[in-house]
Amino acid sequence: MSKNKAEKILDILQEAYPEAGTRLHFSTVFELLVAVVLSAQSTDEQVNLVTEKLFHRYSTPQQIAALSVEELEKIIKEVGLFRNKARHIKALSEMLAEKYHGQVPATFEELVKLPGVGRKSANVVMAVGFGLPGLGVDTHVHRVSNRLGLVDAKQPHQTEAGLKAQIPRRRWGKAHHLLISHGRAVCKARSPQCNSCPLEPLCPKNIK
Ligand code: SF4
């Protein structure tokens, strides 16, 4: 069967960004989950600085659940929205400790029930943490997919559904990282570099 446009795009991006993958530092799925929750509106570098401090002393749901929100806020205060994130991380740690024996559940439906965990985060944990199909849509994936005409979507969850319908499940996790890499390096929000873009021949440039 011949490849569809989405797969051709992924092939080109794979050539351009062979190293595409998460930049977050973690050593367990729980640490990944916390790092992903911390990463909203923060750079991966900021998150890594904070998690290095946090996980050095507290790396299990039970240990983090035992901290007060104020103690957590103090440790993570360099990331954006740290007050909300501290509340969410404490609450999700409590839920994991009480309901899941300290383990992160490996289903999308259970992950999105955890405090502070939206569809994007759950997809990333599925793909990166468990090696299961997951395609998280952040601002880069949403913008680049729309510009490329892969979707015509207002909301990230619509982009997610559109991409999942076109991309084989085995490529979902990698697609997330490739589209982010391209959004950061070339198809930037304010100034897309169409003249030097390897996808230019395939792209309708739906730039709004
Ligand atoms: S051609 Fe331009 S709009 Fe299309 S993917 Fe490349 S940088 Fe983005």
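Modeller: Two residues are in contact when their C-beta atoms, placed from the backbone, lie within 7 Å. Keep that cut-off in mind, and remember that this is a predicted model.

Biologist: Okay, let's try it on A6. Which residues does A6 touch, leaving out residues up to four places away in sequence?

Modeller: Setting aside residues up to four places away, A6 touches L150, L163, Q166 and I167. By the 7 Å cut-off, that puts the C-beta atom of each of those four within 7 Å of the one in A6. A6 itself is found in helix α1.

Biologist: And what makes A6 buried?

Modeller: The count of neighbours. A residue needs 20 or more other C-beta atoms within 10 Å to be buried. A6 has 20, so it is buried.

Biologist: Now R119. Why does R119 count as partly exposed?

Modeller: R119 has 17 C-beta neighbours inside 10 Å. Exposed means 12 or fewer and buried means 20 or more, so with 17 R119 falls in between. R119 is found in helix α8 and touches V112, H157 and E160, again skipping residues up to four places away.

Biologist: E160 belongs to which set of buried residues?

Modeller: To that of α10, where the buried residues are T159, E160 and L163.

Biologist: How do you know that these residues line one face of α10?

Modeller: Look down the helix axis: the buried residues of α10 fall within an arc of 100°, so they line one face. As background, an α-helix has 3.6 residues a turn, so residues three or four places apart point the same way.

Biologist: What covers the buried residues of α10?

Modeller: The cover includes α1, α8, α9 and α11. Helix α9 has buried residues as well: V141, H142, R143, V144, S145 and R147. These pack against α10 and α11. Just after α9, G149 takes a positive phi of about 75°.

Biologist: Let's zoom out. How many helices and strands does the chain have?

Modeller: Eleven helices and zero strands.

Biologist: What makes the chain as compact as a globular protein of that length?

Modeller: Compare two radii. The chain's radius of gyration is 18 Å, and the globule rule gives 17 Å for 208 residues; the values are close, so the chain is as compact as a globular protein of that length. Buried residues make up 38% of the 208.

Biologist: Where do the domains start and end?

Modeller: Domain 1 takes in 5–20 + 135–202, and domain 2 runs over 29–130. Taken over C-alpha atoms, their centres are separated by 26 Å.

Biologist: How do you know that the two domains touch?

Modeller: By the 7 Å contact rule: ten residues of domain 1 are in contact with six residues of domain 2. On the domain 1 side, α10 and α11 are the elements that give two or more residues. That side divides into four nonpolar, four polar and two charged residues.

Biologist: Last one, the ligand. How many residues surround the ligand, and which are the closest?

Modeller: There are 13 around the ligand, the closest being C187, P192, C194, C197 and C203. Being near means having a C-beta atom within 6 Å.

Biologist: And how does that shell split by class?

Modeller: Into nine nonpolar, one polar and three charged residues. Cys and Pro count as nonpolar, so the closest residues, C187, P192, C194, C197 and C203, fall in the nonpolar class.

How values were computed
Residues are numbered from 1 along each chain as its sequence is written. This is a predicted model: local features need pLDDT of at least 70, side-chain atom pairs count only at pLDDT 80 or more; totals for chains, interfaces and linings use all residues. Helices (H or I, at least four residues) and strands (E, at least two) are DSSP runs, numbered from the N terminus. The radius of gyration is taken over C-alpha atoms; the globule rule is 2.2 Å times the number of residues to the power 0.38. The arc is that of the directions from the helix axis to the C-beta atoms. Domain bounds come from an automatic or database domain assignment.
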